[in-house]
Amino acid sequence: MRISFSAPSAKLTGAVAVAVMEGGTLCATATKLDEATDGALSRAVETSPRFTGKKGQILEILAPVGLQVSRVLLFGIGKPADYGELDQENNGGELFARIAATGEANAIFCLDALEGATADPQRRAARMAFGALLRSYRFDKYRTKEKADSKPSLKSLTVMVPKPAQARAAFAEAESIAEGVFTARDVISEPANVIYPQSFVAEAKKLEKLGVKIDVLGEKEMQKLGMGALLGVGQGSVRESRLLLMRWDGARKSGKGKAKAAQPIAIVGKGVTFDTGGISIKPAAGMEDMKWDMGGAGVVLGLMKALAGRKAKVNAVGVCGLVENMPDGNAQRPGDIVTSMSGQTIEVLNTDAEGRLVLADALWYTQKTYKPRAIIDLATLTGAIIVALGKVNAGLFSNNDELAERLAVAGKAVGEPVWRMPLGEDYDKQIDSDAADMKNIGNRWGGSITAAQFLQRFIQDGTAWAHLDIAGVTWTDKDKPTVRKGASAFGVRLLDRLVAQHYEG
Ligand code: BES
Ligand code: MN
Ligand code: ZN
């Protein structure tokens, strides 16, 4: 879909969307269309008692007499004073979906200045276009026989605003973020016969042309570094494990606070390209979901693309621990004891608690190598976080209140909410082992917390760290305004926002 911005024009064709405020008040363009149609719009509102102009409502009028358009979509925005960024994105996404479902080829959103509104039409235009773009994502490359009547038909979206150049400029940045989101959705959606450690690395190499530096550690190098925890997980797979290192050095080289800005922020992702559970094998039902057990790594990749795409003024490193967890004659056994790069030993009591093993070495390596200002990991780590928080919030664990608060604020702003969970000594005790420094599972209770405690044992004193357990939010089973069902890329927008608000400049 081609997205463009233009000045308001009287010549409207295709599907046209105009805003209605709470109480049914039409915006300026809607009023003009109402006049041109001898009152068709206001009549439609009057005869639809449940359409009140509330946020998210849409009322569709087909082929109104007096206009060349195929349909007019009245979309509710509520009160202009509390019509926020997310509402605008959601409006854009929902309008896209409604129009796309009709088979229409061209859509126009008409935006006017609104009295008392939180943003001018240009900024709202960029947000609505961003929402529509995010919703337009499809992963359909393997559907070779899709029927013509369900194929995407919408070819162009034009957003009409008084100052189109301003809207275009505001949209450019959003577009880079969307590209990062799409890359994350792509790799997360791909099945495990297509995306495995080596092919994931090949995807990452595509970022080199954006200026991202890519380094890769193979199994031999990781052995030399003593990464027994990560390597143990991959040892049952015919696919070799990899540690992927991505760098974006965008911070200004001079100026105030440059020493601190030179220190990178580090983002680490769990990249289990398929999680069978290993010898502690998972039940067959639903095991296919474990193709997205590399959701954390996918988000790290997408984030790096977004940061590089919009030339973020930050130094950032993205690290992905890439392994496949398989049962095999050479697979790790329950009871095996492995030595991590940190020197700490781990008794592997359940080979299905593998994500923390991968992250243990990835986190340690990242701190040693880059001395980051802050380190944030993302992982589809536990089923227990889904029990605790459902599929709405990601679990947030942190040793640093400021970082936790920043993540919570950023998440809320972009519609990727996180909910802070506790850490503490009494939980930590539960992973003490009789045979080694620790074991990789706790008891029956608080499974996402003991998993986080495990990770914390690989965080050095004084390093600001946050862990996002995204098991419940990486994949969505129903359509949402800006996320079609499937891979969400939850985390790309959140971390991009965090960087923009606190680590750039
Ligand atoms: N990848 C899974 C967690 C998961 C479950 C992600 C469901 C997404 C949806 C993880 O590796 C795992 O298997 N965790 C176990 C840990 C247990 C063995 C302590 C779990 O949550 O059951
Ligand atoms: Mn597992
Ligand atoms: Zn897993």
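This is a short tour of a predicted model, with stops at a metal site and a cavity.

**Stop one: the manganese ion.** Select ligand 2, the manganese ion, and show what coordinates it: D275 and E354 through side-chain oxygens (OD and OE), and D352 through both O and OD. These contacts run from 2.0 to 2.2 Å. Now turn on angles. The 6 donor atoms subtend 71 to 166° around the manganese ion, so the arrangement is irregular. If you like to follow sites along the sequence, the donor residues of this ion read D-x76-D-x1-E.

**Stop two: the bridge.** Keep D275 selected and add ligand 3, the zinc ion. D275 bridges the manganese ion and the zinc ion, and the two ions sit 3.1 Å apart. Next, colour the chain by secondary structure: D275 belongs to strand β9 (residues 265–275), while D352 is in the loop between β12 (345–348) and α11 (355–370). That puts the pair 77 residues apart, linking distant parts of the chain.

Which of the two is buried? Switch on a surface for this one. D275 is, as its relative accessible area is 2%, under the 20% cut-off. D352 counts as partly exposed, at 22% relative accessibility.

**Stop three: the cavity.** Hide the ions and look inside the protein. There is 1 cavity of 30 Å³ or more, with a volume of about 30 Å³. To find it, select G232, V233, G278, I279, N325, M326, A331, Q332 and T351, which line it. Colour them by class and you get 4 nonpolar and 5 polar residues, with no charged ones in the lining.

Note on methods
Residues are numbered from 1 along each chain as its sequence is written. Chains are lettered from A and ligands numbered from 1 in the order in which they are written. This is a predicted model: local features need pLDDT of at least 70, side-chain atom pairs count only at pLDDT 80 or more; totals for chains, interfaces and linings use all residues. Side-chain values use heavy atoms; hydrogens and water are left out. Donors are N, O and S atoms within 2.8 Å of the metal (3.2 Å for Na, K and Ca); water is not among the atoms, so sites may look incomplete. Four donors count as tetrahedral if all angles lie between 85 and 135 degrees; four count as square planar and six as octahedral if opposite donors are over 155 degrees apart and all others between 65 and 115; anything else is irregular. Helices (H or I, at least four residues) and strands (E, at least two) are DSSP runs, numbered from the N terminus. Buried means under 20% relative accessible area, exposed over 50%, partly exposed in between (1.4 Å probe, protein chains only). On a 1 Å grid over the protein atoms alone, a cavity is a set of points where a 1.4 Å probe fits but cannot get out, and a pocket is an open set with protein on both sides within 12 Å along at least five of seven lines; lining residues have an atom within 4 Å of a point. Grid points are joined across faces, edges and corners, and a volume is the space filled by probe spheres set on the points. Ala, Val, Leu, Ile, Met, Phe, Trp, Tyr, Cys and Pro count as nonpolar, Asp, Glu, Lys and Arg as charged, and the others, Gly among them, as polar.
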